[in-house]
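Got your viewer open? Let's take a walk through this one, a stop at a time.

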Amino acid sequence: MNAWIAVLAAGLGSYAFRVGTVLILDRVVIPPWFGRVSAYVMPAVFAGLVAGSLAEPLTRQDAVAMPVLAGAAATAVVARRRSAALAVAAGMSTLWITTILGALA
């Protein structure tokens, strides 16, 4: 029974947090500079996640680094066209293909 109480408390807390944010943002005026700056949050967070995921394979001396680097290179090449969806698709497909080819070799 205690597990159900914990699940319900977590659910209610999550719901209250989400509704509270909407209610607060409805009453607060956000400065224009905040809107301009917030456009850069998602790319910065994504770049941090990518940098962290690339750092670990580079420290290893096995075959894990090559597919990751190939996927990162494909993503960078396609990202120059300014299409995030195509860049992710190219990077992931390159990562999967090079991983499969490395396992077959």
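Start with the whole surface: the protein exposes about 8,700 Å², and carbon and sulfur atoms supply 75% of that (areas are Shrake-Rupley values with a 1.4 Å probe, and for residues only the protein chains shown count as cover). Bear in mind that this is a predicted model, where local features need pLDDT of at least 70, side-chain atom pairs count only at pLDDT 80 or more, and totals for chains, interfaces and linings use all residues. Residues are numbered from 1 along each chain as its sequence is written, and side-chain values use heavy atoms, leaving out hydrogens and water.

Next, switch to cartoon. You'll find five helices and zero strands (DSSP runs numbered from the N terminus: H or I of at least four residues for helices, E of at least two for strands). The radius of gyration is 21 Å, well over the 13 Å from the globule rule for 105 residues, so the protein is more spread out than a compact globule (taken over C-alpha atoms; the rule is 2.2 Å times the number of residues to the power 0.38).

Now select residues 2-27, helix 1. How many of its 26 residues are buried? The count is zero (buried means under 20% relative accessible area, exposed over 50%, partly exposed in between, with a 1.4 Å probe and protein chains only).

Last stop: pick Met92 in helix 5. Met92 counts as partly exposed because its relative accessible area is 35%.
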